[in-house]
Amino acid sequence: MNPEETLLKEADRCVKCGICLPHCPTYTLTRDEGDSPRGRISLIQGIAGGHLDSAQANRHLDRCLSCLACQAACPSGVDYSQLIDGIRARRHKSRGERLAHHLITHLPYRSWSRLGLWLYRHTGIRPLLRTLGGRRFRRLDGLLPEHARVGSWRSSYPATTSRQGRVGLFTGCAGRISDRRALDAAIAVLTRLGFAVVVPDDQGCCGAMHQHTGEPQTAETMATINHKAFADKELDAVLYLASGCGTQLTELPLPAPVYEISQFLNRCHWPDDMRLNPVDGAVGLHSPCTLRHQLKLADEPEKLLLRIPGIRLIRLDQIQCCGAAGSYLLEQPEMSDALGARAIQQLPGQELQFLATSNSGCALQLARGLRQAGRKIRTVHPVELVEISLRERGSDQA
C-alpha cells in the first residue's frame, strides 16, 4: 500500500460527525470549517486522492497545531496524528519555505555559551540581528527568557543521600536556554532523593519538530543519536521535563524506560527526612496539550505539587492550547499570537505568584504573553517548585 492509499484508508474512517469541533483550538478561534479537524481530513482526502492541490488547502493544514485534542475526543478512534504528519511529509515546499523551516528547526542551541549570550545581550549584536533577521528572528528573540543563562552540565551527579538508582536526564536541543532552571532543579531534587543523574553531552534534539513538520527521516536520525547517547550508561530510567519532547521520546527504542519527571517522582520512594516546606503564593497549573492528549499524564504534575504543604493550586483546565506547538509559534505567528492572548485572558482574576507548566514551548509562549500583559507572574516547571520547597527556607524564591 503506497503512502497515499494509507492516508486515504485512515481518513475514510472519519464519519464527519463534528464531535471534534469544540475541542479544536483553531476552529473555536476562526469558526472556519477548513480550520477544523474534519475539514482538514477532507482536504487530506482531496490531496491524497489527487483531486486537490491548492495553496488555500495547505494554509489550513499548516495552521493545525497537532495538539491532538480532536484525536482524544474522536469516537471512531481516527489516528489524526498519522494523517497530519503524513500529508506534511509528502508536501512539496518552495525553496524559501525549506530555508525558513531549516533555520527554525536547526538553530544551533547547543552552540550558545555564557560569553556568547552576554555578548548578544549587551553589545550591538542583538539590535543588528533583530534588524537583519526578519520577523521570525524578532519573534524568536522576543521568546528569549529574561533570566536565561547557559553553561555545561557535568556528565554525572552523584546521589547526596542513600542511593536509590541511576537515571539519565534528557535536556533536548533548546534546554540549555529555555529549561536551564528547571533542569538544574530536577538534578537537585533527584540527587536529594538518592538518584545518581547522568547528563550525556552527546544527546541531541528529540526530533518532534521535524516529525510533525514533514521531516520524518531527520527525526529518525535524531532518534539514533539519542539512543547512542544514553546507551551503555546502566540507567534505571531516562527522564524528560518537556512534554513536547516526551511525545517523541516515548516512541523511541531508548536503552531504559522513559518517564516524565513528575510521573517518576510520584512513583519513587521519598525518604522520611525529605520534608517539603510551604511555598508562598498561589500557583496556576497549566496542562500542555502534549501532556494531556498524547501522553495522558495530565494528573501527574498536580499529584507532585500537592506534596507541598498548604499549596494554593489552581488548575487552568479552561485553556485549550496556548499556541506554542513547537515551531508553530514562529511559522504561524498570527494564529499563535491569537491563541496565546486568549490563554492569558483566561487566567484567573486573582493574582498568581507562579504559573507552572510542563512544556518548554508553552513556558516560553506564556511567559512572553505575561510580559506583554504586564502581569508579574513567574513561569516555572513544577519540579522547580519542589526544589524551592526543599530549600532551608521554603519561602525563598530567589
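Here are some friendly questions and answers about this predicted model.

Q: Which strands pair with strand β4?
A: Let's begin with β4, which covers residues 237-240. Strand β2 (residues 165-169) runs parallel to β4 and is joined to it by three bridges. Another parallel pairing, also over three bridges, links β4 to a strand at residues 258-260. The partners to look for are therefore β2 and β5, as two strands pair when at least two bridges are found between them.

Q: Which residue of β4 is the bridge partner of L169?
A: Residues 165-169 form β2, one of the strands bridged to β4. Follow the bridge from L169 into β4 and you reach L239.

Q: Which residue in β5 stands opposite V238?
A: V238 is buried, and it points the other way from A237 and L239. Across from V238, in β5, stands V258.

Q: Which helix makes a β-α-β unit with β4 and β5?
A: The two strands pair in the parallel sense. The unit they make with the helix is right-handed. Look at residues 243-249 to find helix α15.

Q: Which helix gives the most residues to the largest nonpolar core?
A: This core has 40 residues, and L190 and L265 are among those with the most contacts inside it. Eight of the core's residues come from one helix, at residues 180-193. That helix is α12.

Q: How many residues does the second, separate core have?
A: In soluble globular proteins, nonpolar side chains tend to be buried together. Here, a separate core includes Y27, A48, A57 and Y80. Its size is 22 residues.

Terms used: Residues are numbered from 1 along each chain as its sequence is written. This is a predicted model: local features need pLDDT of at least 70, side-chain atom pairs count only at pLDDT 80 or more; totals for chains, interfaces and linings use all residues. Side-chain values use heavy atoms; hydrogens and water are left out. Buried means under 20% relative accessible area, exposed over 50%, partly exposed in between (1.4 Å probe, protein chains only). Helices (H or I, at least four residues) and strands (E, at least two) are DSSP runs, numbered from the N terminus. A crossover is right-handed if, with the strands pointing away from the viewer, the path from the first strand over the helix to the second runs clockwise. A nonpolar core is a set of buried Ala, Val, Leu, Ile, Met, Phe, Trp, Tyr and Cys residues joined through side-chain atoms within 4.5 Å.
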